[in-house]
Structures are given as structure tokens and as C-alpha cells.
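Let's take a friendly walk through a protein model. Have a look at it first, and then we will go through its parts together.

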Amino acid sequence: MILLQKCRFCLLESLVLSNYRRIQVEHYKTVVSQTIKLETGEPLRVAASPETEKWVRRFHPVGTPFQKLPLDHRIQANVKAHFPKVSRSNDIQEKIVSAITLGKTSFVVRSWNGSGKSFATLAAMLSIALSDQPKPAASYSATILYVVPSDSLVEQLYRWSQLLAGLNCPVYPLIRLPYGQWKHGKLQQARVVIASVDSLAEWLSSAKIEYISFLQGLKRVVLDESDQIIEGFAAPYQNRRAGPVMGIENSPKFRKLFFFWDKFYTRTEQRIRSDLNAIPQFVLLSATNTSSIANAFGLFSKHLLGCIGLDQGKHWWDWGLRMWNNIEHISLRLSGEDTKPKIRDVQFQVAKSLNSYEKAGSAPVTIHELDTVLKLYTNALLLIVRKEHKQVPTFMGDLLVLLPEQANIVEYVEQNAALYEQNSLLLRRLDTFNLKKKEERRAHQIAYVGKLTDIFGLSLFGLTHVFQLWNTFSAVVYQHVAGRVGSFGKKGKVISFFAPAYTNSADIEAHGYARMISLVYQKLAVIPKRYMKYSKPPKLDVQDKREI
Ligand SMILES: Nc1ncnc2c1ncn2[C@@H]1O[C@H](COP(=O)(O)OP(=O)(O)OP(=O)(O)O)[C@@H](O)[C@H]1O
């Protein structure tokens, strides 16, 4: 019987590929789903449109080689030695490096996830730090501050810095140590401080005057994933799709961030009055920066503000995942018992815009029975990993397992580590796992587990699959999630699970979850090719065109 079913799958796949036999495929689908409760769907990839091909080309690495960019010779050599896959830059990277080297203008960068923004920015900043004069001993003042949303990203960028700058790396990663300690010896030697918003706020709020004076020596400040740091939308658009992720704005963390801004801007204002040359250059990076982020930042900044990257006007609808068409997107609807999930594809449908808009990161799905749902999702994930479902991974490296905001990661790991191990996967917490060690020890496949707030900007070496054990109807959030795989032509799959039986949402009842999911894909131009015969997108409402 199993053999027969396997034969059916092979036959099914070859049938799906041939359009002219579509009717037979439809018939076959029904038979298969009746027998083993599975259904096949068309894999969703980014569909091509001639109008935006020219934009896509700007992100291919065919520009000036890194060794010929205006970078310190140590950086040039180390890119070659330690990043063998990074040889030529792309258009965006070239522009970032020049703008940072010139240092005259603050600028906002908006280009697709995985297009090398952080890499180019870090290389340029380190280059400046390496060629700076030696700094006075015992000073807390660094010249470059690189702020990111999470400690895991600090760790990744620190690891890159060590490789790029080599011995005497001038970077201090501002991560909290146990018992609230800070390693100040090293900080005093650092020219570049890489910090997560939380650590920075906590460090500053320990209120030692010398820490605050740290802000005064800054010449350059990078806000990576800037739309997660700056609140871009004022009323009445605050519920649109950019802005800090769910929950943060009500938490003490967010208020701490304002503590930083207060201190920083008060001092900047003072300096602006006394010395115009002392205004630091700000670099705002994000795949989802919008004009409103630039506007919000413009309220603070007295600097000229430039823009590098995608234009949000004409090409707004293709700004999402158009860059690489090598990521496959799969939505699976789950039902049944938690240990024996039934899995079905959510079929794509052209959806008209909804009237309600979700804030970035908010999931209109309230999960009542979180434990049951997580078991259901986890078992479905393992079914796929074990190749017992048709979404069989033909390639599989490491996995990223994204948990809902309400879940407890420590408990999840405790309860499920053994189960993952039975399936040859090491389950590791993203927020505490040492990425460096992981890169060196590649004996096992790793399933990183984290929440949305841990994953922005992360580039995990060897990651091929993202499993979303939660729901989002925000296109911006989905884009950042999917952007963890597929950079520079690598293959990737993003698998999202939905369990309608455990959800409670008026929106879902009114609009249907399949349509809501389709709308997210559609916003990012992730749709089956057959819907893209025309070079224009399906028509959406007027409001939608203003901001995604
Ligand atoms: N020119 C290049 N050629 C090939 N690979 C590159 C190039 N530049 C960067 N990379 C690699 O691409 C990956 C993604 O880079 P990076 O994290 O800088 O992208 P990003 O645009 O900042 O992404 P995100 O928006 O998700 O933060 C990294 O692993 C990096 O080493």
C-alpha cells in the first residue's frame, strides 16, 4: 500500500508539471487526499514580471569586487580569505560603502532581505575604524555604534567582525553578562560597539556618567532593522505594517529605548548647536524601511538624509521577495490529533485587500490551547522532516523553528529536545546558542528555535528551512521571516502552519484564512506563475498603494 502511494506521488509530481493534463491532476488530487488525507498544490514561488526584472538585476553580485571597493586593505584581504562566496558586490553594497566612506550624509537603505546590506555596512564601518588614529586609553567613547534588535544578531555581526578585521578587532559586543556585569576593559579599547537595543538601554540606564559620555564621541550610528527600532507611523496609520514588533511598545524594554533616544538626542542637539561637524552620520537599514521611517527619523535628525535602494512608488507591489525566486512558500492547514496531524495545502487565491490591517507582528489568531497546538505543529514538522509528507525536503540543511509570541521557549526545548533528537536534529535556542561554535561544528543538523524578535537580520549559515509554528497576516513580518533563507541564490523553503480549529478571529471568519494568507503572499508577489500573465499586479485598493 505504501509503495502504491509513493508511486502515486511520483506520478502526481510529473502530472503537476504538465499543464495540458491539468484535469487529470485535479482528479488525481482528490483520490490521493481521500486515501491518505494529503493534497498537493502548486508550489508558490515568486513570479516574474518583466517590469521589475531590471530592479532585480541591481541586486545580483556582478559589480565591483570587494577587493576594489574603497575599503581598508585588511578588510579586502579578509573578505577574500574568510568569505569565499562573497566576491563581487552588488549595486546597493557599492553605494552603501561609498556613502559611509564619504560620511557626509545620513541615509536610509531599503533593499530586499539577504541583499547584503549589513555585510557591506559592517565592512565599511570596520574599515573606517581600522584606519582611525589610536584612541586615548581608558575612554568609554567609541566612534561607531551599531544597534540591532537582538543579541543573536549582535553575536553574528561580532563573529563577522572578527573574521573581517582579524587580529585586534576593534569591536565590542555589548551583550549582558550574568549578574548584569559589563566587560569594561575591552570596551575601553573598542572603536565600534555593536549592541542590541535592550543591552544598550540597560547599559545606559545603569546611569554611570561615563557611560553616557560614550554617546558624545560617536561619529557614525547604524540602526540595523531600523523599522523595528524607530516607530515609523503616526496616527492614523500606526496599525499599518511597519513598526516595532508586537508587544514591544507596551513593554518596559521599549521605554528603555526611549531613555537612550532621550539621552542621545539631547546630547546631539547640544553638539549641533556648538559644532555642526560633530553630528554623527546615521545609517538606517531595513528591507522594510518606508518613507514614514525616513520622515520619523527626519524629525530628529538635522543631517541631510539620503536614500539607497528600492523606490517605493511605482514598484511598491514587488518590494517583498522579488529578489530571489529560489524560495518556495508553503502554507499547510493542520487538523486532527496532536500526535497524528492531518496536513493539507492551503490553496492560493487572488484576494482583494481586507478592510482591517494588522500591525506588524500581530497575529489575529488567538491560540487558546497553546500546548496542543504546538504539539500538533511540532509533529507535523517532524512528519515532513522524516519525509512522510509530500513536502519532502529534497534538500535540507538547518532549520529555523519559529514559535508564537505566547510560547515559552525554555519549556518548548525541554519538552521537545528528545523528540527532535530522535529525528537527528539538535534543538537549540537561538537566543543562547553560540553561533560561532555552531559554524565550526557542523556534524549535526540543527533546529534553531526562537521567536520573531530573535530573527530579524540573522543570516544563519546552512539554514534551508523555516517552519512557522505561528501565524502572521502581516506582509512585512512574513517577508523578514522568509528572508532568513534564500540569500544570493541559495535554495530555501518557508513552511507555515495554520490550525483553524484552534483559532479565534472575527477576521478569519469574515474573510477566510486562505484569503488572508493569500493576501500576504500576494503583497509580496509570491504567487503561482499562472496569476502573473500580466505585467501589472492584481488591483488593490487605493489606501494600499500608499504604504504596505
Ligand atoms: N556580494 C555578495 N555575494 C554573495 N554573498 C553575499 C554578498 N554580500 C553578502 N553576502 C552574504 O549574504 C548573506 C546575507 O547578507 P546580509 O545579512 O548582509 O543581508 P541583509 O540585506 O542585511 O539581510 P536582512 O535584510 O535580512 O538583514 C550573508 O550570509 C552574507 O555573507
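Which residues of helix 19 are buried? They are Y513, M516, I517, S518, L519, V520, Y521, Q522 and K523. A residue is called buried if 20 or more other C-beta atoms lie within 10 Å of its own, exposed if 12 or fewer, and partly exposed in between, with the C-beta atoms placed from the backbone. Helix 19 (residues 513-523) is largely enclosed by the rest of the structure, because 9 of its 11 residues are buried.

Before going on, please keep in mind that this is a predicted model, in which local features need pLDDT of at least 70 and side-chain atom pairs count only at pLDDT 80 or more, while totals for chains, interfaces and linings use all residues. Residue numbers start from 1 along each chain as its sequence is written.

**The whole chain**

The chain has 548 residues, and 44% of them are buried. Its secondary structure comes to 20 helices and 14 strands. Helices (H or I, at least four residues) and strands (E, at least two) are DSSP runs, numbered from the N terminus. Of the contacts between residues at least 6 apart in sequence, 78% join residues at least 24 apart. Here, a contact means that two C-beta atoms, placed from the backbone, lie within 7 Å.

**The sheet**

Strands of a sheet pair through backbone hydrogen bonds, either parallel or antiparallel. In this model, 7 strands form an open sheet in the order 3-4-2-5-6-1-7, with parallel pairing. Strand 3 (171-174) and strand 7 (305-309) are the edge strands, each pairing on one side only. From one strand to the next, the twist averages 15°. Two strands count as paired if DSSP finds at least two bridges between them. Strand 1 (residues 106-110) and strand 7 are joined in the parallel sense over 5 bridges, and V108 has C307 in strand 7 as its bridge partner.

Helix 5 (residues 91-102) packs on this sheet, touching strand 1, strand 6 (281-285) and strand 7. The direction of helix 5 makes about 155° with that of strand 7. For such angles, axes are lines fitted to C-alpha atoms, for helices over the stretch in contact, and the values run from 0 to 180 degrees between N-to-C directions.

**Around the ligand**

How many residues surround the ligand? There are 21, and the closest are G116, K117, S118, F119 and G457. A residue is near the ligand if its C-beta atom, placed from the backbone, lies within 6 Å of it. Helix 6 (residues 117-131) gives the most to this shell, with 3 residues. The ligand lies between domain 1 (41-50 + 324-546) and domain 2 (64-318), because both give residues to the shell. The domain bounds come from an automatic or database domain assignment.

**Loops**

Most residues other than glycine have a negative phi, and most peptide bonds are trans. N168 has a positive phi, near 60°, and so does S424, also near 60°. The table shows where three loop residues sit.

| Residue | Loop between | C-beta atoms within 10 Å |
|---|---|---|
| N168 | helix 7 (151-165) and strand 3 | 8 other C-beta atoms, exposed |
| S424 | helix 14 (409-422) and strand 11 (425-429) | 10 C-beta neighbours, exposed |
| Q133 | helix 6 and strand 2 (144-148) | 5 C-beta neighbours, exposed |

Finally, Q133 and R220 are 87 residues apart in sequence and 16 Å apart in space, C-alpha to C-alpha.
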